[in-house]
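Biologist: I should like a close look at a single part of this structure, set out step by step for a first-year student. Please choose one sheet, describe how its strands are arranged, and then set that part beside others elsewhere in the chain.

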Amino acid sequence: MSTGSRPPQPGPLISWPGTRPIVWAPHARTVDVVVPGPGAPRRRPLRLVGAHKPGYWGADTELAFGTTFGYSIDGGEPVADPTGTWFPDGVHGLSRVLPPLTEWTDDTWQPPEIVAGALLHLDVATATPAGTFDAAAMLLPRVARAGVQGVELAPVSAYDEDAGPAAGVRLFAVHEPLGGITGLARFVDTAHAHGLAVVLTPPHRWAATPATGLDRFGAYTADGRLNLAGGGRRGLRDLLSADAERWFAELHVDGLALDADALADRSAVPYVAELAAETLATSDRLGRPLILFVDGPRRSDRLTGAVRRLLAPDGLPDPAAVDDLRHLSATLAPTTRLPLRAEHRWVRRGRHAPRAASVVVGNLTRLPGARTAMPWAPPGEARHPADLETRAGMLTFAMLAGTPLVLDIDHVPVTDDSAEAARLLDWCAALAAPRAETVDDIGLALDLRVHGTVLVVRRGRQAVAVARGRADVRLPLSAVLPHGGDGWELRTAWSPAAAVRGDDLLLPGRTTAVLRARS
């Protein structure tokens with residue numbers, strides 16, 4: 001993907017959203033800001049910003065913090081601000097001017113390398129009985145223990161509790177039952193204190209529904225998607241860019257995962273490329289790396305679909321699944337990075353603060369439980385956690401695939417106090433170091449071999465062996481790996497009984513092992 005020609009410059013020059021009302025309504029004849037109160041509501045006409053910013057209407061004065069307001073288009077009933085950040089009366093009411101967030105302790109925060117590591121997906125509403133950010137923050141010590149580099153939150157945008165998020169969300173606002181924007185800020189601050197990055201998914205697919213009323217301002221949507229081409233192009237691009245800027249700068253999040261298929265975009269300068277360039281600029285301004293993923297239907301579940309078939313218990317590895325994994329190894333790696341006209345690299349500002357962004361598109365791997373709360377997941381989709389050994393095998397393949405990774409709490413059970421859960425957490429942590437090396441070798445070819453009930457996958461200096469049957473096996477390494485037992489050592493294994501004896505790898509049934517080439 002290329003950035004093409006220089007994109008049009010962003011719309012508002014003042015802070016957006018902020019205390020000064022501004023809205024993009026290109027087809028309106030008049031726009032008033034309406035403030036309810038005792039007696040008749042107060043109305044103040046907005047003026048067109050100017051020919052250099054077509055379709056933008058702005059106020060000359062600011063609103064006080066805590067003011068409830070809406071917009072009247074051509075004298076109609078007041079409707080909510082498309083960039084409203086606070087809806088204490090519900091998402092179908094008017095928005096309120098949000099006071100600034102000030103209680104941060106992460107001034108020196110620098111996130112870990114997310115691409116070389118892994119994220120753990122948390123659905124705040126279901127991860128704990130309380131279903132709040134503060135309750136989910138209590139899980140963060142366990143998340144850090146699992147050896148992951150951060151958390152990805154299921155969409156947190158505000159929606160109507162009775163209708164559900166699919167009926168429409170407010171992109172800029174945080175769902176109040178979760179703890180609202182202050183609860184999210186506390187969660188992000190706590191995650192950073194534990195050395196964990198935070199990635200959010202803006203639910204663009206749910207924002208395009210008629211219930212949000214966006215089309216009363218202009219051509220914000222088209223065919224059930226946000227309209228980034230034609231009449232809706234510039235203003236909506238500005239809105240989405242302002243939303244991303246706000247998560248990065250005001251909420252201190254470290255990355256966003258875009259549902260690209262929810263954006264109707266046929267323009268010469270793709271919005272994803274434009275946002276990537278803006279993310280780099282924001283990263284440079286904030287002095288910390290930011291990341292951008294692209295996800296959506298039929299993207300991040302390709303690898304796990306093939307691996308689940310490979311790990312079907314009590315049988316030989318499925319030959320078709322082996323072929324699928326071999327094909328995916330060529331199409332999913334290496335990680336795709338968006339080419340930009342001015343490549344930003346890691347440099348040093350003074351002695352300590354690195355700056356630049358790692359903007360990644362595509363090739364995200366998402367475990368099954370990490371997609372059920374996503375806007376593109378089929379309604380009512382259920383997941384059925386596999387047995388312990390299969391989960392350990394899936395976790396191994398996901399961690400060592402080398403692509404940017406989102407794990408789930410079925411395979412990394414941070415909400416479970418059982419001994420089995422503790423074993424899986426320890427296994428995830430044990431795979432962290434091999435994963436870093438796999439990422440370095442991701443451009444190398446993948447070699448897959450099947451020997452009886454054992455599947456062996458090798459890339460570079462690492463190999464994974466999985467015994468699918470229940471019986472113990474003695475695998476001759478010379479049959480599946482170059483230099484046999486003389487060239488390989490056991491790095492870690494799901495069962496402590498696994499061992500290399502001469503040319504043989506001894507594997508108890510249903511065991512996954514990681515081997516490393518001897519130097």
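Modeller: Strands β26 and β29 run antiparallel and are joined by four bridges. The model in which they appear is a predicted one. One point of this pairing can be located by residue: Val 473 stands opposite Leu 507, which belongs to β29. The two strands are part of an open sheet of three strands, whose order is β26-β29-β28 and whose pairing is antiparallel. At its edges are β26, residues 473-476, and β28, residues 499-501, and each of these pairs on one side only. On average, neighbouring strands of this sheet are turned by 30° against each other, with direction ignored.

The chain beyond β29 also deserves attention. Between β29 (504-507) and β30 (512-517) there is a loop, and Arg 510 is found in it. Although Arg 510 is not a glycine, its phi is positive, at about 60°. Is Arg 510 buried or exposed? Its relative accessibility is 6%, and therefore Arg 510 counts as buried, the cut-off for that word being under 20%.

A second loop residue makes a useful companion to Arg 510. Asp 223 lies in the loop between β13 (221-222) and β14 (225-227). Asp 223 is not a glycine either, yet it has a positive phi of about 55°. Its surroundings may be read from its accessibility: Asp 223 counts as exposed because its value is 81%, and the word exposed applies over 50%.

The strands on either side of Asp 223 lead to another sheet. Strands β13 and β14 run antiparallel, with two bridges between them. In this pairing, Thr 221 has Leu 226 of β14 as its bridge partner. The sheet as a whole is open and has three strands in the order β13-β14-β16, with mixed pairing. Its edges are held by β13 and β16 (263-264), each of which has a single partner strand, so one side of each is left without a neighbour in the sheet.

Strand β6 adds a further example, this time with burial as the main topic. What fraction of the residues of β6 (68-73) is buried? Six of the six are, which means that this strand is largely enclosed by the rest of the structure. In a regular strand the side chains alternate between the two faces of the sheet. In β6, Thr 68, Gly 70 and Ser 72 point one way, while Phe 69, Tyr 71 and Ile 73 point the other way, and all are buried. Phe 69 of this strand counts as buried because its relative accessibility is 4%. The C-alpha atom of Phe 69 is separated by 7.9 Å from that of Val 97, a residue 28 places apart from it along the chain.

The partners of β6 can be named as well. Strand β2 (residues 31-35) pairs with β6 in the antiparallel sense over four bridges, and in that pairing Val 33 has Tyr 71 of β6 as its bridge partner. Strand β7 (residues 95-96) also pairs with β6 in the antiparallel sense, over two bridges. There, Thr 68 stands opposite Arg 96 of β7.

A helix allows burial to be considered in another kind of element. Helix α4 covers residues 180-193, which makes 14 residues, and it reaches 20 Å from its first C-alpha to its last, close to the expected 20 Å. Ten of its 14 residues are buried, so α4 is largely enclosed by the rest of the structure. Among those buried residues are Ile 181, Leu 184, Phe 187, Val 188 and His 192. The helix is followed by Gly 195, whose phi is positive, near 80°.

Finally, one may ask about enclosed empty space. How many cavities of 30 Å³ or more does a search of the whole structure find? The search finds five, and the second largest has a volume of about 70 Å³. Its lining includes Pro 82, Arg 170, Thr 212 and Tyr 220. The lining residues divide into eight nonpolar, one polar and one charged. Both β11 (169-174) and α6 (233-249) supply at least two of them, and the largest share, three residues, comes from β11.

Key. Residues numbered from 1 in each chain as written. Heavy atoms only, no water. Expected span 1.5 Å × (residues − 1). Buried < 20%, exposed > 50% of the residue type's maximum accessible area, 1.4 Å probe, protein only. 1 Å grid on protein atoms, 1.4 Å probe; cavity = no way out; pocket = protein on both sides within 12 Å on 5 of 7 lines; lining within 4 Å. Points joined across faces, edges and corners; volume = space filled by probe spheres on them. Nonpolar A, V, L, I, M, F, W, Y, C, P; charged D, E, K, R; others polar. Pairing = 2+ DSSP bridges. Axes fitted to C-alpha atoms, helices over the stretch in contact; angles between N-to-C directions.
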